[in-house]
Amino acid sequence: MLESETVARPSFTTPCAACGDVLIAPEWSEHVSECYIRHLWSCEACGHEFEMAVYLPGHNAADRDMCDLAQES
């Protein structure tokens with residue numbers, strides 16, 4: 001018998017950057033360009049808010065630079 005319990009976390013969740021509580025979905029998401037999405041996360045447990053940038057797969061470093069330029073304009 002196992003003495004410690006393992007808690008499985010779905011791969012689509014993210015931990016709170018402040019308290020580590022599991023966050024299920026972002027408060028909002030913004031599709032900034034073809035390859036760049038920005039998420040705003042808000043933790044119900046501690047109230048901490050933070051942003052996360054997501055670059056879609058299949059884009060190389062040059063594409064990411066173009067995505068960053070598109071974000072700034």
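Biologist: How many salt bridges does the structure hold?

Modeller: This is a predicted model, and a salt bridge is counted where a side-chain nitrogen of Lys or Arg lies within 4 Å of a carboxyl oxygen of Asp or Glu. Side chains of opposite charge can pair when their charged atoms come close. By that criterion, the number of salt bridges in the structure is 1.

Biologist: Which side chains meet in a salt bridge, and at what N to O distance?

Modeller: One partner, Arg 38, is buried, with a relative accessible area of 17%, whereas Glu 30 counts as partly exposed at 32% relative accessibility. The side chains that meet in the salt bridge are those of Arg 38 and Glu 30, and the distance from N to O is 2.6 Å.

Biologist: What is the pattern of helices and strands when the chain is read along the sequence?

Modeller: The secondary structure of the chain comes to 1 helix and 5 strands. Placed in the order in which they occur along the sequence, these elements give the pattern β-β-β-β-β-α.

Biologist: What is the order of the strands in the open sheet?

Modeller: Strands β3 and β4 pair in the antiparallel sense over 4 bridges, and a hairpin joins β3 to β4 through 4 residues. Strand β4, residues 36–42, is in turn joined to β5 by 7 bridges, again with the two strands running antiparallel. The open sheet of 3 strands therefore has β3 and β5 at its edges, each with a single partner strand, so one side of each is left without a neighbour in the sheet. The order is β3-β4-β5.

Biologist: Which residue of β5 is the bridge partner of Trp 41?

Modeller: Several bridge partners can be named in this sheet, and one of them is His 39 in β4, which is the partner of Ser 29. Between β4 and β5, Ile 37 has Val 54 as its bridge partner. For Trp 41, the bridge partner in β5 is Phe 50.

Biologist: Which residue in the turn between β4 and β5 has a positive phi?

Modeller: Strands β4 and β5 form a hairpin with 6 residues between them. In that turn, a positive phi of about 85° belongs to Gly 47.

Biologist: How many of the 7 residues of β4 are buried?

Modeller: Of the 73 residues of the chain, 21% count as buried, where buried means under 20% relative accessible area. Strand β4 is largely enclosed by the rest of the structure, because the number of its 7 residues that are buried is 6.

Biologist: Is Leu 23 buried or exposed?

Modeller: Leu 23 has its place in strand β2, and its C-alpha is 9.5 Å from that of Ala 45, although the two residues are 22 apart in sequence. With a relative accessible area of 7%, which falls under the 20% cut-off, Leu 23 is buried.

Biologist: Which residues make the nonpolar surface patch?

Modeller: Val 22 lies in strand β2 and counts as partly exposed, at 39% relative accessibility. The patch covers about 320 Å², and the residues that make it are Phe 12, Val 22 and Ile 24.

Biologist: Which element of the chain has the lowest mean pLDDT?

Modeller: The mean pLDDT of the chain is 77, and 64% of its residues reach 70 or more. Among the elements, strand β2, residues 22–23, has the highest mean value, 93. Where pLDDT is low, the predicted coordinates should not be read in detail. The element with the lowest mean pLDDT, 57, is helix α1, residues 61–72.

Definitions and conventions
Residues are numbered from 1 along each chain as its sequence is written. This is a predicted model: local features need pLDDT of at least 70, side-chain atom pairs count only at pLDDT 80 or more; totals for chains, interfaces and linings use all residues. Side-chain values use heavy atoms; hydrogens and water are left out. Two strands pair if DSSP finds at least two bridges between them. pLDDT is the predictor's confidence in each residue, from 0 to 100. Patches are made of residues with over 30% relative accessible area and no salt bridge: like charges are joined within 9 Å, nonpolar side chains (Val, Leu, Ile, Met, Phe, Trp, Tyr) within 5 Å. Accessible areas come from the Shrake-Rupley method with a 1.4 Å probe; for residues, only the protein chains shown count as cover. Buried means under 20% relative accessible area, exposed over 50%, partly exposed in between (1.4 Å probe, protein chains only).
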